[in-house]
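Reader: I would like a close look at a single part of this model, taken slowly, and then set against the chain as a whole. Could you begin with one residue and work outward from there?

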Amino acid sequence: MAAGRLPPAALTLKQFLRRQQVLQLYRKILRAIREVPAEQDRRYLRDWAREEFKRNKDATEEDAIRMMITQGNMQLQELQRTLKLAKS
């Protein structure tokens, strides 16, 4: 391999940062789901989140990834609002 040349599987800085955003969102969603009181609902939401992230793991288009992150953040906020209302 020539000096200075990256292997084909290496991520660009932009891709690396976007990946970090996605992983951070996934962790936040899973943490929020832990707060759901009913075990059956927790299991359903955890399976749903895992399936959504798995289904979209091969996405490469930058605009589509940004849109999915935005949508995921909105869903996370909705879940957090719902949990907050349930506690009060």
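Author: The residue to begin with is Arg42, which has its place in helix H2, the helix that spans residues 39-55. Please keep in mind throughout that this is a predicted model.

Is Arg42 buried or exposed? Its relative accessibility is 18%, and because buried means under 20% relative accessible area, Arg42 counts as buried. As for its surroundings, when residues up to four places away in sequence are not counted, Arg42 touches Ile33, Arg34, Val36 and Pro37. Two of these partners, Ile33 and Arg34, can be placed further, since helix H1 covers 13-34.

Asp41 also has its place in helix H2, but with a relative accessibility of 41% it counts as partly exposed, whereas Arg42, at 18%, counts as buried. Asp41 also gives a sense of distance within the chain: Gln15 is 26 residues apart from Asp41 in sequence, and the C-alpha atoms of the two are separated by 33 Å.

Toward the start of the chain, Leu11 lies in the segment before helix H1. Leu11 is partly exposed, with a relative accessible area of 45%, and, again leaving out residues up to four places away in sequence, it touches Phe16 and Arg19.

These residues can now be set within the whole protein, which has 3 helices and 0 strands and, read along the sequence, follows the pattern α-α-α. An unreviewed UniProt entry carries the annotation "domain: Complex 1 LYR protein" for residues 20-78. Over those residues the chain is 83% helix and 0% strand, and the C-alpha atoms at the two ends are 22 Å apart.

In its overall dimensions, the protein has C-alpha atoms that fill a box of roughly 60 × 20 × 20 Å along the principal axes. Its radius of gyration is 17 Å, whereas a compact globule of 88 residues would have one near 12 Å. Buried residues make up 16% of the 88 residues, and Arg42 counts as buried. Among the contacts between residues at least 6 apart in sequence, 67% join residues at least 24 apart.

Finally, there are the surface and the charges to consider. The accessible surface of the protein comes to about 7,300 Å², and 54% of it belongs to carbon and sulfur atoms. The protein has 19 positive and 11 negative side chains, and the centres of these two sets lie 7 Å apart.

Methods
Residues are numbered from 1 along each chain as its sequence is written. This is a predicted model: local features need pLDDT of at least 70, side-chain atom pairs count only at pLDDT 80 or more; totals for chains, interfaces and linings use all residues. Side-chain values use heavy atoms; hydrogens and water are left out. Helices (H or I, at least four residues) and strands (E, at least two) are DSSP runs, numbered from the N terminus. The radius of gyration is taken over C-alpha atoms; the globule rule is 2.2 Å times the number of residues to the power 0.38. Buried means under 20% relative accessible area, exposed over 50%, partly exposed in between (1.4 Å probe, protein chains only). Contact means heavy atoms within 4.5 Å. Accessible areas come from the Shrake-Rupley method with a 1.4 Å probe; for residues, only the protein chains shown count as cover. Lys and Arg count as positive and Asp and Glu as negative; His and the chain ends are not counted. The place of a charge is taken as NZ of Lys, CZ of Arg, CG of Asp or CD of Glu. UniProt positions are given in the numbering used here, feature names are shortened, and annotations may be inferred rather than shown by experiment.
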